[in-house]
Amino acid sequence: MVVLTGAGTSAESGVPTFRGSDGLWRNHRPEDLATERAFWSDPQLVWQFYTWRRDLVAKCLPNLAHRLLADLERRVGDFCLITQNVDGLHQAAGSQRTIELHGSLWTLRCTGCGQRWEDRRTPLPDSLPVCPTCSALARPDVVWFDEALQPSILAAAVSAAGSARTMLVIGTSALVMPAAGLPLIAKRAGARLVEINPAPTPLSDHCDEVLRGPATEMLKSWVERFAPWGALPGGLVLT
Ligand code: OAD
């Protein structure tokens, strides 16, 4: 079983989606700030944007959808969660086998030597973060709009999608490649595609099942009603 999640999965935790009406920060669209070009032209502004996002996410808790997915991982032998989210809420809910396609807000990367390290401080100090080893400017270890995904991470996601028997696609507008192509890879390889989203997406017509509604409610009812892998020992714990 493979799951692909997007920003909608964290919406009920209070994390704004990218393309929703709440996606703006100080009248900037994320597409204008989340680029390497924006970073080098104004690192202070881009770090202010990421500091705001880190502070916001730090106040959010995983929701029922995150917890159900962590529970599925424990109960389904062959399970892979691929997320486009950088908020770390899947891991906070207990997910372990997670592919973070777009990186993480909680990891920084040196623009000089490339070293990565975890930094969970909120707020970050006012001065721009620098590498502990070479003192070069640090950046968020996320994939920006003008950047490619890490090849090894993309390869792992493509491989998981290609071997899926069931793929759940939750809370993504399915507009951003290559993530949006993963469900189609799964479909071509024979997987059953299930979409959970309150709004239609370009993927909807390719799905075997579409659940229109919020992730928490829809995933709960899907899990309760439909277990494509067969009966689960002890039943699912829905908290
Ligand atoms: P988007 O903001 O594009 O889409 C969010 C989706 O979540 C929409 O389709 C909404 O209908 C849906 N949604 C809203 N509330 C929901 C809820 N309660 N339950 C379920 N779904 C809900 O976010 P992504 O598809 O994740 O990339 O965006 C993909 C990528 O584009 C992001 O990872 C980011 C972005 O710009 C990078 O930063 C590289």
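## A tour from strand 1 to the two cores

Begin by selecting Val2, which stands opposite Cys80 in strand 2; strands here are DSSP runs of E with at least two residues, and helices are runs of H or I with at least four, numbered from the N terminus. The model is predicted, so local features need pLDDT of at least 70 and side-chain atom pairs count only at pLDDT 80 or more, while totals for chains, interfaces and linings use all residues. Residues are numbered from 1 along each chain as its sequence is written, and side-chain values use heavy atoms, with hydrogens and water left out.

Now show strand 1 (residues 2-5) beside strand 2, to which four bridges join it in parallel; two strands pair if DSSP finds at least two bridges between them. On the other pairing, strand 2 runs parallel to strand 3 (residues 98-100) over three bridges, and Leu81 stands opposite Thr98. In a regular strand the side chains alternate between the two faces of the sheet. In strand 2 (residues 80-83), Cys80 and Ile82 on one side and Leu81 and Thr83 on the other are all buried, that is, under 20% relative accessible area with a 1.4 Å probe, protein chains only.

Next, select strands 5, 4 and 6, which form an open antiparallel sheet in that order. Strand 5 (116-118) and strand 6 (138-142) each have a single partner strand, so one side of each is left without a neighbour in the sheet. Strand 4 (residues 103-110) and strand 5 pair over three bridges, and here Arg109 stands opposite Arg116. Helix 4 (residues 43-58) packs on this sheet, touching strand 4 and strand 6, where contact means heavy atoms within 4.5 Å.

Then colour the largest nonpolar core, a set of 26 residues in which Phe39, Val46, Trp47, Tyr50, Leu105, Trp117 and Trp144 touch the most other members; such a core consists of buried Ala, Val, Leu, Ile, Met, Phe, Trp, Tyr and Cys residues joined through side-chain atoms within 4.5 Å. Helix 4 gives the most to this core, with six residues. Leaving aside neighbours within four places in sequence, Trp144 is in contact with residues including Phe39, Val46, Tyr50 and Arg139. A second, separate core of 22 residues includes Ile82, Ala157, Ala161 and Ala180.

Finally, turn to helix 5 (residues 64-75) and helix 9 (residues 215-225), and select Leu64, Ala65, Leu68, Leu69 and Leu72 in helix 5, which meet Ala215, Thr216, Leu219, Lys220 and Val223 in helix 9.

Conventions. Axes are lines fitted to C-alpha atoms, for helices over the stretch in contact, and angles run from 0 to 180 degrees between N-to-C directions. Buried means under 20% relative accessible area, exposed over 50%, partly exposed in between (1.4 Å probe, protein chains only).
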